[in-house]
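Me: I have a model open and want to go through the ligand site. Can you take my questions as they come?
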Amino acid sequence: MFEGGIPPSLARTLRNARSVGALTGSGISAESGVPTFREAQTGLWESYDPIDLATPEAFERDPRLVWEWYEWRRGLVARAEPNSGHRALVELEVRLSDFTLVTQNVDGLHERAGSVGVIELHGNITRSKCSEEDRIVAPGATELAPPSCPNCGAPLRPDVVWFGETLPAEALKAATLAASSCDVFFSIGTSSLVQPAASLASDALRCGAVIVEINPSETPLSRGADYALRGPAGEVIPELVKSVYG
Ligand code: NAD
């Protein structure tokens, strides 16, 4: 059991909640072997800082380098499996009549675990889009890195939101609505540093929700959270589900 365990008052709150929202970040996929941006990269990529590769400027400067980094990450994600944290969130969704899952992750592991209606704030690494026309394109068989758009010839890029880019408006609107109307809001495996995702917890707090952080480390949200559960998501969320539903 992680240090401290699940407070009985939290189990009671969740049992009585009408509407629950959850925001996940890369920490929930760490136990599936997908590294967070703040962990050291390995192998070929150890000398690169991901925060310098996940930008439109990096793609403009060196599209091949950025595409190849995403190919490596796609390989990692394809080999990864959803973990007990992803699966426990599916159980929460099944048990609760009003549950909204919002993710900053681009790995699709929530969907592969069985979550339905996930709001993807930052896109999905498994899709590609035309860098000029902004439409989804399936790359054909080609040696080119990056492949070209079959329609206009512009380079394809991953369908993810890079640092400095705007989030998909519909997804952000739905996420903000869920955060502002829930009674309990979970912030799971996120550093609470990347905006505007981090402001969802502030929206929930302002609207009176009980804030629950699940993260082994302290974040800027910790002080304002009603509960800060210090442990890995893959242990804490299943324990939470067990403490509420047995
Ligand atoms: P982040 O790297 O900024 O922070 C990760 C957080 O997870 C940290 O606070 C860390 O303490 C915590 N953490 C580590 N292991 C954990 C565990 N086992 N259980 C719970 N928490 C754990 O990640 P972020 O806040 O998601 O923001 C970075 C950006 O990087 C996002 O935009 C995201 O789209 C992108 N990203 C996504 C993936 C992915 O899809 N898996 C991976 C890397 C980065």
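Me: Which residues come nearest to the ligand?
Reply: Arg-38, Gln-104, Asp-107, His-122 and Ser-191, out of 26 residues around the ligand; a residue is near if one of its heavy atoms lies within 4 Å. This is a predicted model, where local features need pLDDT of at least 70 and side-chain atom pairs count only at pLDDT 80 or more, while totals for chains, interfaces and linings use all residues. Residues are numbered from 1 along each chain as its sequence is written, and side-chain values use heavy atoms, with hydrogens and water left out.

Me: What does Asp-107 have 2.7 Å from it?
Reply: A nitrogen atom of the ligand, at that distance from an N or O atom in the Asp-107 side chain. Ala-233 has a backbone N or O atom 2.9 Å from a ligand nitrogen. For Ser-26, a polar side-chain atom is 2.8 Å from a ligand oxygen.

Me: And what classes make up the shell around the ligand?
Reply: There are 9 nonpolar, 13 polar and 4 charged residues. Asp, Glu, Lys and Arg count as charged, and Gly is among the polar ones.

Me: Different topic. Where is the cis bond to Pro-146?
Reply: Pro-146 is in the loop between β5 (136-137) and β6 (156-160), strands being DSSP runs (E) of at least two residues. Its cis partner is Ala-145, with omega about 0 degrees.

Me: Which residue precedes Pro-196 in the other cis bond?
Reply: Gln-195, and omega is near 0 degrees there too. Most peptide bonds are trans.

Notes:
A polar contact is a pair of N or O atoms within 3.5 Å; within protein, one must be able to donate a hydrogen and the other to accept it, and residues adjacent in sequence count only if both atoms are side-chain atoms. Helices (H or I, at least four residues) and strands (E, at least two) are DSSP runs, numbered from the N terminus.
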